[in-house]
Amino acid sequence: VSPDGQFVVILENDGYYSYKPGSTYKDYEEYRKNNPEKSAIHVIDIPTQKVVARYDARYSRADTAFSEDSRYLAILSNNELKVIDTMQEFREIPLFLSGRKDLYFFSMEFSTDGQRLLASGYGEAHLFDIPDGKYLLTIKEKARFKNKYGAGSSTNILGKIESTAKEFLGR
């Protein structure tokens, strides 16, 4: 659910409905009644209970993040990262990394002013300027750490570089 309570994002993949935090069974019933499509990310306007945007989702996973003012919605799906401007008729702001076709991120966080997005995964964090859709910089892990159970390396770079990430995000 967006911070201002205006929108809820619902993911359905191959007939499977995923509840997002804050959504209810009524959201699901409304969604099923009005949207027979499958494998999609739907943005629903809560007051009108209407789907205001729909995006294809080929995979069983999609991550979303809203800016604090609810203006921007970041969607990571199909190895693509896009930002949607909810105040400009859901205009899509594509984000690209030069020389990279696929993007593999696990965490996304907007700056407090909503002007920057930090996306991280596989030992890298990438910072984007949202109004321009411009890539700003990449922060890389210098070493990989085993998690406490020894079952592999952690991919949560945001946790490891928290102070640096907060500085870039203005927190």
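## Salt bridges

Let's start with the charged side chains: the count of salt bridges comes to four. Keep in mind that this is a predicted model. One of these contacts joins aspartate 85 and arginine 71, with N to O at 2.8 Å. Aspartate 85 sits in strand β7, while arginine 71 belongs to the loop between β5 and β6, so the contact ties together parts that are 14 residues apart in sequence. Aspartate 85 also forms a salt bridge with arginine 91, and here the closest N and O atoms are 3.8 Å apart. Put together, Arg71, Asp85 and Arg91 are linked in a network of salt bridges.

How do the members of that network stand with respect to the surface? Aspartate 85 has 0% relative accessibility, so it counts as buried, the cut-off being under 20%. Arginine 71 is partly exposed at 22%, and arginine 91 also counts as partly exposed, at 34%.

Elsewhere, glutamate 124 forms a salt bridge with lysine 140, the closest N and O atoms being 3.7 Å apart. This pair links distant parts of the chain: glutamate 124 is in strand β11 (residues 124-129) and lysine 140 in strand β12 (residues 134-140), 16 residues apart. Glutamate 124 is buried, with a relative accessible area of 14%, whereas lysine 140 is exposed, with 56%.

## The four-stranded sheet

Strand β7, home of aspartate 85, is part of an open sheet of four strands. The order is β5-β6-β7-β8, and the pairing is antiparallel. Which strands stand at the edges? They are β5 (63-66) and β8 (91-94); each has a single partner strand, so one side of each is left without a neighbour in the sheet. On average, neighbouring strands here are turned by 25 degrees against each other, direction ignored.

In the middle of that order, β6 (residues 72-77) and β7 (residues 80-85) pair in the antiparallel sense over six bridges. If you want a spot to look at, find serine 77, which stands opposite glutamate 80 in β7.

## The β9-β10 hairpin

Further along the chain, β9 and β10 form a hairpin with five residues between them. In the turn, glycine 114 has a positive phi of about 75 degrees. Strand β10 covers residues 116-121, and its antiparallel pairing with β9 runs over four bridges.

Strand β9 (residues 107-110) has two faces: Met108 and Phe110 make up the covered one, while Ser107 and Glu109 make up the uncovered one. Phenylalanine 110, on the covered face, has leucine 117 in β10 as its bridge partner.

## Aromatic pairs

Now for the rings: a search of the whole structure finds two aromatic pairs. Phenylalanine 7 and phenylalanine 90 have ring centres 5.5 Å apart and planes at 85 degrees, so they are edge-to-face. Phenylalanine 7 lies in strand β1 (residues 7-13) and phenylalanine 90 in the loop between β7 and β8, so this pair ties together parts that are 83 residues apart in sequence. Both phenylalanine 7 and phenylalanine 90 are buried.

The other pair is phenylalanine 128 with tyrosine 135: their centres are 6.1 Å apart and their planes at 65 degrees, so this one is edge-to-face too. Is each of these residues buried or partly exposed? Phenylalanine 128 counts as buried at 0% relative accessibility, and tyrosine 135 counts as partly exposed at 32%.

Methods:
Residues are numbered from 1 along each chain as its sequence is written. This is a predicted model: local features need pLDDT of at least 70, side-chain atom pairs count only at pLDDT 80 or more; totals for chains, interfaces and linings use all residues. Side-chain values use heavy atoms; hydrogens and water are left out. Two strands pair if DSSP finds at least two bridges between them. Axes are lines fitted to C-alpha atoms, for helices over the stretch in contact, and angles run from 0 to 180 degrees between N-to-C directions. Buried means under 20% relative accessible area, exposed over 50%, partly exposed in between (1.4 Å probe, protein chains only). Rings of Phe, Tyr and Trp (its six-membered ring) pair if their centres lie within 6.5 Å; planes under 30 degrees apart count as stacked, over 60 as edge-to-face and the rest as tilted.
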